Amino acid sequence: MTVTPSMSHHTTPADTHIRYANALTGLAAGDAWGYQVEFTSYTRMPAYPVAPPAGAWTVSDSDDTQMTLALHRALGEVHDFDEIETVTDAIARQFLLWQVDPDNTRAPGRTCMTSLHNLRAGARWYDTDGAVESAGCGAVMRLVPTAFAPQPYWLGLSALQAVITHKHPRAVVPALLLADATRHAPEYRARFLEHALTTAAQIYNGTSTWSTDPYLREVLAPITGDVTSYLVEGLDDGTADILTAAAGRLEQLRPLPPADFGDPCVGIGEGWESASAVALALLVADLATSSDDDAAAALTGPEALAWASTSNGDSDSIACIAGGLIGSAHPEKDYWGVAPTFEPRYAEEILAAASRLPAGAPAD
């Protein structure tokens with residue numbers, strides 16, 4: 001894979017289609033790259049950094065590429081996002097199809113499988129016996145389609161896709177932070193962690209528009225009537241501390257050559273749950289993008305996927321989330337260079353998804 005030179009950070013609605021395609025390619029490539037070493041400790045890596053897959057690029061299918069594509073299909077089925085029950089049913093239906101997919105044999109996440117088992121038995125996500133009260137990273141690794149959904153729905157949809165399987169505030173808040181970063185990636189590039197911390201501060205001081213977002217409030221109504229307190233709870237439950245640790249790690253790494261970066265998880269967490277997975281992805285994306293067109297980023301896109309994969313944690317998910325975010329920052333056609341050789345099924349599904357934005361409407 002090669003990377004083309006960076007273009008301007010100012011994008012047009014037409015660029016959004018290209019960003020979405022680059023995000024889908026990046027997340028699937030990161031998924032496949034990290035899947036090679038998903039359960040390998042940092043000290044036992046085959047190389048530093050891990051080399052890209054040789055031959056076919058096998059996606060993990062756990063909760064990453066396949067659930068992203070399922071979410072894309074679900075949003076494409078919906079004609080009126082104001083009907084939240086209809087949207088919920090569409091997402092749940094596609095997730096349940098994934099649950100029984102013959103390819104779903106590659107270490108699927110326990111939380112997703114348990115929650116979907118409960119939904120299949122007739123529970124709603126907000127029931128006591130519905131979605132699991134978990135902060136696992138399944139809530140964040142698949143959300144690229146909702147980040148690109150139309151106004152005024154994208155924020156609430158990003159929460160909805162999370163709570164259907166993970167209804168913990170520590171899962172939902174990182175999902176919202178990642179969706180915001182993904183949607184506004186050309187503007188936030190090289191300052192992703194900075195923007196996430198600014199958003200956290202706004203939630204704490206009561207100036208965040210998220211607290212009064214009508215669609216988000218309606219999505220969360222079955223479990224809370226106080227969105228502000230819910231968001232604060234998600235931040236207080238370690239998310240704010242993890243973001244702060246990641247920002248400190250970023251400042252330590254910026255002066256270093258990439259060969260000295262080491263394990264990306266150091267001091268942050270291993271990415272098995274939403275807060276550390278998002279913080280790690282923001283860290284990787286900050287080092288793989290530039291806020292100045294004349295300044296080179298520390299890492300190219302492929303180098304970023306390699307570094308994200310070479311971790312002591314959930315390598316495929318970390319690289320998947322980072323790849324989606326980095327891809328969404330770039331409105332250049334074929335940003336990633338030569339396309340990875342995905343398995344035919346997924347190559348076709350990614351290409352089909354990339355040809356149509358969720359709901360067919362450009363993100364702003």
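This section describes one helix, the aromatic pairs and the salt bridges of a predicted model.

Helix α7 comprises 15 residues, from 169 to 183. At 1.5 Å a residue, a helix of this length should span 21 Å, and the end C-alpha atoms of α7 are 21 Å apart, so expectation and model agree. With regard to solvent accessibility, 15 of the 15 residues of α7 are buried, and the helix is therefore largely enclosed by the rest of the structure.

Aromatic contacts were considered next. A pair of aromatic rings is described by the distance of the centres and the angle of the planes. A search of the whole structure yields 10 aromatic pairs. One of them joins W33 and W57 in an edge-to-face arrangement, with 5.8 Å from centre to centre and 90° between the planes. Because W33 belongs to helix α1 (residues 13–35) whereas W57 is located in the loop between α1 and α2 (65–77), this pair ties together parts that are 24 residues apart in sequence. The relative accessible area of W33 is 4%, so this residue is classed as buried. W57, for which the corresponding value is 6%, is likewise buried.

W57 also pairs with F342. The geometry of this second contact is edge-to-face, the ring centres being 6.4 Å apart and the planes inclined at 75°. Here W57 contributes from the loop between α1 and α2, and F342 from the loop between α14 (315–328) and α15 (344–354), so that the pair ties together parts separated by 285 residues in sequence. W57 and F342 are both buried. Through these ring pairs, W33, W57 and F342 are linked into a cluster.

Charged contacts form the remaining topic. Side chains of opposite charge can pair when their charged atoms come close. The structure contains eight salt bridges. In one of these, the side chains of E349 and R73 meet at an N to O distance of 3.4 Å. The partners come from distant parts of the chain, E349 being in helix α15 and R73 in helix α2, 276 residues apart. R73 has a relative accessibility of 33% and therefore counts as partly exposed.

R124 takes part in a salt bridge with E85, in which the closest N and O atoms are 2.3 Å apart. Since R124 lies in the loop between α4 (110–120) and α5 (144–147) and E85 in helix α3 (residues 84–99), the contact ties together parts 39 residues apart in sequence. Both partners are classed as partly exposed, with relative accessibilities of 25% for R124 and 41% for E85.

R124 forms a further salt bridge with D89, the closest N and O atoms lying 3.2 Å apart. This pair again links distant parts of the chain, with D89 in helix α3 and R124 in the loop between α4 and α5, 35 residues apart. D89 has a relative accessible area of 33% and is accordingly partly exposed. Elsewhere, salt bridges with shared partners join R73, D101, D103, R345 and E349 into one network.

How values were computed: Residues numbered from 1 in each chain as written. Predicted model: local features only at pLDDT ≥ 70, side-chain atom pairs only at ≥ 80, totals over all residues. Heavy atoms only, no water. Helix = DSSP H or I, 4+ residues; strand = E, 2+ residues; numbered from the N terminus. Expected span 1.5 Å × (residues − 1). Buried < 20%, exposed > 50% of the residue type's maximum accessible area, 1.4 Å probe, protein only. Phe/Tyr/Trp six-rings, centres within 6.5 Å; stacked < 30°, edge-to-face > 60°. Salt bridge = Lys/Arg side-chain N within 4 Å of Asp/Glu carboxyl O.
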